[in-house]
4 protein chains.
Amino acid sequence: MSETPPPDFVLGQNNYGKSEVRLFKVKRDTAFHEVWDLNVRVVLEGDFDAAHYHGDNSKLLATDTMRNTVYALAKDRLTGSIERFGLALVDHFLEVGPTVTACRVEITQYRWRRIEVDGQPHAHSFVRERGERRANVWGDETGARGVEAGIDDVYVLKTTDSGWEGFQRDRFTTLPDTDDRVLATIVTAKWEYNVIDADFDRLWDGVMERTLETFTDHYSPSVQNTLYRMGKAVLEEFLEIQRIWYSFPNVHHIVYDLGRFDIENENEILHATHDPYGQIEGWVERRP
Amino acid sequence: MSETPPPDFVLGQNNYGKSEVRLFKVKRDTAFHEVWDLNVRVVLEGDFDAAHYHGDNSKLLATDTMRNTVYALAKDRLTGSIERFGLALVDHFLEVGPTVTACRVEITQYRWRRIEVDGQPHAHSFVRERGERRANVWGDETGARGVEAGIDDVYVLKTTDSGWEGFQRDRFTTLPDTDDRVLATIVTAKWEYNVIDADFDRLWDGVMERTLETFTDHYSPSVQNTLYRMGKAVLEEFLEIQRIWYSFPNVHHIVYDLGRFDIENENEILHATHDPYGQIEGWVERRP
Amino acid sequence: MSETPPPDFVLGQNNYGKSEVRLFKVKRDTAFHEVWDLNVRVVLEGDFDAAHYHGDNSKLLATDTMRNTVYALAKDRLTGSIERFGLALVDHFLEVGPTVTACRVEITQYRWRRIEVDGQPHAHSFVRERGERRANVWGDETGARGVEAGIDDVYVLKTTDSGWEGFQRDRFTTLPDTDDRVLATIVTAKWEYNVIDADFDRLWDGVMERTLETFTDHYSPSVQNTLYRMGKAVLEEFLEIQRIWYSFPNVHHIVYDLGRFDIENENEILHATHDPYGQIEGWVERRP
Amino acid sequence: MSETPPPDFVLGQNNYGKSEVRLFKVKRDTAFHEVWDLNVRVVLEGDFDAAHYHGDNSKLLATDTMRNTVYALAKDRLTGSIERFGLALVDHFLEVGPTVTACRVEITQYRWRRIEVDGQPHAHSFVRERGERRANVWGDETGARGVEAGIDDVYVLKTTDSGWEGFQRDRFTTLPDTDDRVLATIVTAKWEYNVIDADFDRLWDGVMERTLETFTDHYSPSVQNTLYRMGKAVLEEFLEIQRIWYSFPNVHHIVYDLGRFDIENENEILHATHDPYGQIEGWVERRP
C-alpha cells in the first residue's frame with residue numbers, strides 16, 4: 001500500500017460507510033401504488049491503510065457517493081424484498097471499491113398499512129404501523145454472502161398465564177414467588193438464513209406470526225422458557241432459517257399496594273415501571 | 001394566607017402536580033380480559049403562597065399522595081372512558097385540597113389490540129398499536145368542568161393527489177410549483193366537547209375515522225386546505241364537538257435528482273428528510 | 001378575502017411556518033473564529049382564509065422560502081445576540097407577507113465551549129456544552145414587539161440542605177417527612193423583558209448564574225420555596241426582566257432499603273428513579 | 001443438567017441480567033460531598049438449559065436480586081473508580097450463581113461538576129456535564145478478567161483546518177473536493193487495558209485530553225486520518241492501554257447556497273443537517 005514502513009501503532013479492524021439513508025420508493029405503474037420506506041446503512045471493510053496513515057484518500061469512495069448509489073440502484077433493483085435489494089447493493093460496492101474486501105448493508109423497513117375507506121384498502125393512502133422489519137446482508141470478495149432478517153419494536157403483553165417461581169434465593173433476594181403476573185416485552189429478533197434466495201417476505205410474516213402465537217399459547221414459567229418455545233416454533237416451521245435470536249426486556253408491571261388504603265387488588269391495578277428491567281437474550285439453533 | 005405583608009416580588013400563575021403516573025388496569029372478571037394502559041398527569045392550581053413565600057407546606061398535598069390516589073381511585077372509577085376517569089380525579093382533588101381552586105388531569109392512553117390466533121382475537125394477549133389517545137379534563141371550585149380529547153402520533157402518507165402551486169413568490173423563493181407530490185404528516189389533534197357526558201369512546205373512534213378518510217378523499221392543494229376539510233368533516237358529523245385543532249408537520253419527501261446519472265425519476269425515488277419541516281396548525285370551529 | 005360567503009364551520013386561530021431550521025454560522029474574519037449553532041422556528045399568523053377554504057395559495061409564503069430567508073438574513077443580521085436576530089426576522093416576515101398580521105420566531109442556541117490546549121482556549125475547535133439558550137421573539141403589524149428568553153436542559157442536584165416536611169396528609173398519604181434528601185431537577189426557565197433592546201448576552205449569563213447560586217445558598221423546604229427564591233434573586237438584580245417562570249421536574253432520588261440486608265444506609269445509597277415525578281411550575285413577577 | 005435428552009432445537013449462546021440499574025451514591029463523611037451517578041447493567045452467562053427447556057428456575061438468580069446486589073455492594077465497594085466497582089460485582093456474581101460461568105458488568109457514569117459560587121466549587125451542589133464515562137468489565141470462572149473503558153456523547157467541532165479531497169470518483173460521485181470545511185462529530189471511544197489494576201480515573205482523563213487535543217492539532221484530510229492520529233496519541237502516552245476504538249459519525253455542515261440571492265458565502269452560513277451521515281470506525285492497536 002505504502003512505501004514507508006508501517007508505524008509502531010497499527011490500524012486494526014476498521015470500516016466506514018453511510019448511515020441513515022432515508023430511501024422512499026413508490027411503485028406507481030398502476031393506480032394501486034406500493035411503497036418502500038427504508039433506512040439504509042452501508043458499511044465497507046477493506047485496505048484503507050493509506051487514508052489512515054498518510055491522509056491519502058485516492059482509494060476511498062466518498063460516503064456521499066454511497067448515498068447517491070443507494071438512490072440510483074433503488075430504481076431498478078428495489079422491486080421486492082429488502083433482502084434482495086441488500087444483496088444487490090453488496091454486489092455493487094464490492095465491485096466498485098478497489099480496495100474493498102467486504103460489505104455489509106443494514107436495512108430497516110418501516111411498515112405502512114393501507115387506510116381503509118368503507119372497508120376497502122385505499123389505492124394510495126397509508127398509515128404507519130408499529131414494528132420494524134430489518135435485513136442485514138453481508139458479502140465479501142470471495143463471493144460469500146449471508147442474509148439475516150429481523151423484527152424490532154413489537155410490544156406485546158399478556159395479562160395472565162405467566163409466573164416466576166422456584167428461583168434461586170440468596171442473601172439479597174427479596175422478590176416473592178408468583179404464579180400469575182402480567183408479562184410484557186418489546187420483541188427484538190434476528191435470524192440467519194441458510195440460503196441466500198427465498199421468499200423473504202413470506203418468511204418474515206411467518207416468523208412474526210409464530211412469535212406472536214407462541215406468546216399466547218402456554219403458561220410462561222419464565223421469559224427464558226418462552227424465548228426457547230418461540231425459537232423452536234420458528235425453526236420447526238421454516239427450514240430456511242438456521243438459527244434465531246431474541247432479546248426481551250422484561251417490562252415490569254408491579255401490583256400496586258392498595259392494601260394500605262383497605263382496597264383489594266387482585267392483580268388488577270398495576271404500575272408499569274420505567275425502572276430497571278430484566279433483560280433476557282439468546283439464540284435457538286438447529287442441532288449441529 | 002399569611003400575616004406578613006407580601007413581598008415586592010409576587011407569585012404569579014403557578015401550579016404543581018405529578019407527571020408520568022403509569023397506571024395499568026386489567027379487568028379480569030371474565031376470561032376475556034380488558035386493559036387500560038395510561039400515563040396520567042395531575043396538575044393543581046390554588047393558593048400556594050405560604051409554601052412559596054415562607055416554606056410552609058401545611059396546605060400542600062404531596063405529589064406522592066397524588067400518585068397513590070390515581071391508583072386507588074382507578075379501582076372503582078376507571079371502568080369506561082378515560083374522560084370519565086379524568087372527571088372523577090378532578091372532583092376528588094378539588095375536594096381534598098384545602099386551597100386548591102382548579103385541577104387539570106391529562107391522560108394519554110396507549111392502545112393495545114388483541115393478538116389474533118387462527119383469526120380469533122385472544123382473550124388475554126395484546127400487541128401495542130401506534131397512535132395515542134388523549135384526554136384533558138379540567139374543573140374548578142365553582143363546579144365548572146371541561147373535557148377535551150385528542151389524537152397523537154398517527155403517521156399518514158399519500159403518494160399522489162397532493163400538490164403545492166401558485167403560492168406567493170419573493171426574492172428568496174426557489175421552490176418550483178408541483179401538482180403531484182408525496183404528502184406525509186404525523187397527526188396531532190385536539191377537540192373540545194360542548195358537553196361533559198357523552199359516549200366518548202365512540203366519538204374518539206369517529207374523529208379518527210373522519211380524519212383518515214378525509215385525508216384520502218380529495219386532491220390536496222395545501223396542508224391548510226386539507227386541515228380545514230378534516231375539521232369540517234368532524235364538526236358536520238359530531239354535534240358534541242365544539243371545535244377541533246390539528247397540528248401537521250409537513251414531513252418532506254423530496255424527489256432525488258437521478259438525472260445526474262441519466263436515470264429517469266418520475267416521483268418514484270424520494271428522500272424522506274429529517275430536515276426543516278413546514279408546520280401547519282389551526283382550529284376549525286362552529287360559526288358563533 | 002373571498003366573495004363566497006363563509007361556510008358554516010369557520011377557521012379559528014391558526015398559524016403556519018418552518019421548524020427545525022438548523023442554522024450554523026462561523027465568524028471567520030480573524031483567526032479566532034466565533035460560532036452560532038441555532039435551531040430556528042418561524043411562525044406566521046394572518047389572513048389565510050383563502051388557502052383554507054378555497055385552496056388558493058396566492059397569499060401564502062412557502063415555508064421553503066422561510067428557510068431560505070433565515071439563512072440569507074443570517075449573513076448580515078446575525079452578529080450578536082439571538083434576540084436581535086429574532087427581531088430582524090420578525091421585521092422581515094411582517095413586511096413580506098401580504099396578509100401576515102403577526103410573527104413569532106423561536107430560537108434555540110446550542111452552546112459550544114472552546115477546547116483548551118495547554119490551558120489556552122483554541123482558536124477554532126469547540127466542544128458542545130449541556131444546557132440550551134432560548135429566545136422567543138414576537139411582533140405584529142401595529143409595531144408591537146416582545147422579547148422572551150429562556151434556559152433549558154440544565155440538570156442540577158444537591159446532596160443535602162433540602163427536605164420535605166409538614167405537608168398536608170390525607171387517607172392516601174404514605175410518604176414520611178424528611179429534613180435531609182437529595183434534590184435534583186432539570187431547569188427550564190423563561191422570562192419576559194420589559195425592553196426590546198438590552199445586552200441580552202450579559203442578561204442571559206446573569207440569570208443562569210443567579211439561578212445556580214440560589215440553588216446552593218439555602219435550606220430548601222420545598223421546590224416551591226426554592227422556585228420563588230430564584231425568581232426573586234433574578235428580579236432583584238435585573239430590572240430589564242418583568243417576570244420569570246420556572247418549571248421543575250422533581251427527579252426523585254429514593255433511599256434504597258438496605259436494612260433488609262443489615263446494611264446501614266444514611267442517605268448514602270439511592271435509587272435515581274425514572275418513575276412518576278413531581279412537577280412544580282410558576283411565575284415570579286414584579287408587584288404591579 | 002437434565003435427564004431428558006436434549007431436543008432437536010438447541011439453545012445457543014445466551015445470557016440474562018438486569019439493565020438500567022440507576023445507582024446514586026453520596027460520600028458524605030466530610031462536608032465536601034462526592035457523588036457517583038451510575039447506570040449499571042449486569043449480564044450473566046452459564047448453564048441455563050433447564051430454565052429454557054423445562055421451565056425449571058431453580059438455578060436462576062432473579063434479576064431483582066441482581067438489582068438489590070448492586071445497591072448493597074455499592075456501600076463498601078464503590079469507593080473509587082467504576083472499573084474497580086465493576087470488578088467487585090463480577091467477582092460476586094461468579095461466586096453466587098451456581099451455574100454462572102461468565103459475567104459482564106457495563107457501567108455508564110454520568111458526570112457532575114460542582115457549581116461555582118464566587119469562584120469556589122460548592123461543597124454539595126452540582127450541575128450535570130455532557131459526555132459519559134463508560135466501563136465494561138468482564139470475568140469468567142477460570143479467573144480471567146478484562147477491563148475496557150469508554151467515552152460517549154462528546155460532541156466536537158472545528159470550523160476550519162479540515163478538508164476532503166482526492167477521493168475516488170465513479171459514476172455516482174457528485175461531491176466536489178474541498179480543502180476547508182467544518183468538521184463535526186460525536187465521539188464514541190472504547191479501549192482495552194492490558195492490566196486489571198491501574199489508576200483508571202487518571203487514565204480516563206488522559207484519554208479524553210489526548211483525544212480533544214489531537215482533534216485540534218492538525219489539518220484533517222479525512223476523518224480516517226484524524227482517527228488514527230488520536231489512537232496513536234493515546235497509545236504513545238498510556239502503556240496500560242492495548243488498543244483503542246473510535247466511532248465517528250460525520251455530522252455534515254453544508255455550505256448553504258446563497259449565490260442564488262447574490263449573497264456571498266465563504267464558508268460562513270451553513271446548514272447543520274440531520275440527514276444521512278458518514279460513519280467511520282476503527283481500532284488502533286499496538287503492533288503485535
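Tutor: Let's start with a working rule: two residues are in contact when their C-beta atoms, placed from the backbone, lie within 7 Å. This is a predicted model, in which local features need pLDDT of at least 70 and side-chain atom pairs count only at pLDDT 80 or more, while totals for chains, interfaces and linings use all residues. Residues are numbered from 1 along each chain as its sequence is written, and chains are lettered from A and ligands numbered from 1 in the order in which they are written.

Student: Happy with that! How many residues does chain D bring to its contact with chain A?

Tutor: Both chains contribute to this contact. Chain A supplies 66 residues. From chain D the number is 67.

Student: Which element of chain D gives the most to that side?

Tutor: Six elements of chain D supply at least two residues each: β1 (9-27), α1 (49-54), α2 (63-77), α5, β7 (241-250) and β10 (277-286). Here helices are DSSP runs of H or I with at least four residues, strands are E runs of at least two, and both are numbered from the N terminus. With 13 residues, the top contributor is β1(D).

Student: And how many residues on that side of chain D are charged?

Tutor: Ala, Val, Leu, Ile, Met, Phe, Trp, Tyr, Cys and Pro count as nonpolar, Asp, Glu, Lys and Arg as charged, and the others, Gly among them, as polar. The side of chain D that touches chain A has 27 nonpolar and 25 polar residues. Its charged residues number 15.

Student: How many residues of chain A are in contact with chain C?

Tutor: On the chain C side, 8 residues take part. The chain A side divides into 2 nonpolar, 3 polar and 3 charged residues. For chain A the number in contact is 8.

Student: Are most residues of α5(D) buried or exposed?

Tutor: A residue is buried if 20 or more other C-beta atoms lie within 10 Å of its own, exposed if 12 or fewer, and partly exposed in between. In α5(D), 13 of the 15 residues pass the upper mark, so the helix is largely enclosed by the rest of the structure. Most of its residues are therefore buried.

Student: Which element of chain D helps cover the buried residues of α2(C)?

Tutor: In α2(C), 12 of the 15 residues are buried, including Met66(C), Tyr71(C) and Leu73(C). Their cover includes β1 (9-27), β2 (34-46) and α3 (82-96) of chain C, along with β10 (277-286) of chain B. From chain D comes β9.

Student: At what angle do α2(A) and α3(A) pack?

Tutor: Axes are lines fitted to C-alpha atoms, for helices over the stretch in contact, and angles run from 0 to 180 degrees between N-to-C directions. The axes of α2(A) (residues 63-77) and α3(A) (residues 82-96) are 10 Å apart, and they pack at about 125 degrees. That makes the pair oblique (under 35 degrees is roughly parallel, over 145 roughly antiparallel, 65 to 115 roughly perpendicular, the rest oblique). Thr69(A), Val70(A), Leu73(A) and Arg77(A) of α2(A) meet Phe85(A), Ala88(A), Leu89(A) and His92(A) of α3(A), at an angle of about 125 degrees.

Student: How are α4(A) and α5(A) placed relative to each other?

Tutor: Their axes come within 9 Å and cross at roughly 140 degrees. Among the residues that meet are Val207(A) and Phe215(A) in α4(A), and Met230(A) and Val234(A) in α5(A). The contact has 5 nonpolar, 4 polar and 3 charged residues. From the crossing angle, the two helices are therefore oblique.

Student: How far apart in space are Leu183(B) and Val156(B)?

Tutor: Leu183(B) lies in strand β6 of chain B and counts as buried because it has 24 C-beta neighbours inside 10 Å. Leaving aside neighbours within four places in sequence, its contacts are Leu157(B), Lys158(B), Ser162(B) and Ser220(B). Val156(B) is 27 residues away in sequence, and the C-alpha to C-alpha separation is 8.3 Å.

Student: One backbone question: what is phi of Asp262(A) near?

Tutor: Asp262(A) sits in the loop between β8 (253-255) and β9 (269-272) of chain A. With 8 C-beta neighbours inside 10 Å, Asp262(A) counts as exposed. Its phi is positive in a residue other than glycine, near 55 degrees.
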